[in-house]
Amino acid sequence: STFMMRRRHAFSALGYVFFETLLTAAAFLAAVWIRSEIRTGVQPNFSAASHLRLLPVVVVLWVPLLWLWGLHRAQRTDRLALEIWKIVKIVVGGMFVLAVAAFLLHQLDLSRALLGIFAALDFVLLSLSRLLSVSIVRHQRKRGYDRLYALVVGTGKVARRHVQEVR
């Protein structure tokens, strides 16, 4: 009934946040790898190991950001531009908080190129994830997979109250 539907939505929201956190971690790892392959005169002694220590910080910072800006919520009425705007806020806000956290953790050799690569990859992966999610949900709705049917037997008070709960 209503409790089961709320529980299903909560699990779905947690699944979205978990998956998008994994995408963010993958974007960070890919950014570290890409930055370690690029040799620049500005920071020729780039240390991937010291930057990988920030991965748990990234994960801990991104989970509340993903939840706060509601990327996990159902996007039935949200336009794609609004979804992209949420992603922009998450990435920009996350970069700011990550820079502050790196300063507080005395990670002063943080590569700006790494941050730029990470921001771009995170934006692309979260946007692709959202596009895929929207297209799957729309396809499921067209086929009627989002509808639940219930048969209520009886016409008494209990039956009417049950119909009101289900709606």
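**Exercise 1. Is Glu83 buried or exposed?**

Solution. Glu83 is buried, with a relative accessible area of 0%. Here buried means under 20% relative accessible area, exposed over 50% and partly exposed in between (1.4 Å probe, protein chains only). A word on the model: it's predicted, so local features need pLDDT of at least 70 and side-chain atom pairs pLDDT 80 or more, while totals for chains, interfaces and linings use all residues. Residues are numbered from 1 along each chain as its sequence is written, and side-chain values use heavy atoms, leaving out hydrogens and water.

**Exercise 2. Work out which residues are linked with Glu83 in a network of salt bridges.**

Solution. A salt bridge puts a side-chain nitrogen of Lys or Arg within 4 Å of a carboxyl oxygen of Asp or Glu.

- Step 1: Glu83 pairs with Lys86, with the closest N and O atoms 3.7 Å apart. The two sit three residues apart in helix 4, so about one helical turn separates them. (Helices are DSSP runs of H or I, at least four residues, numbered from the N terminus.) Lys86 is buried too, at 9% relative accessibility.
- Step 2: Arg130 also forms a salt bridge with Glu83, at 3.5 Å between the closest N and O atoms. That pair links helix 5 (Arg130) with helix 4 (Glu83), 47 residues apart.
- Step 3: Arg130 meets Glu20 in a salt bridge as well (2.9 Å, N to O). Arg130 lies in helix 5 (residues 112–143) and Glu20 in helix 1 (residues 2–37), so this pair ties together parts 110 residues apart in sequence.
- Result: Glu20, Glu83, Lys86 and Arg130 form the network.
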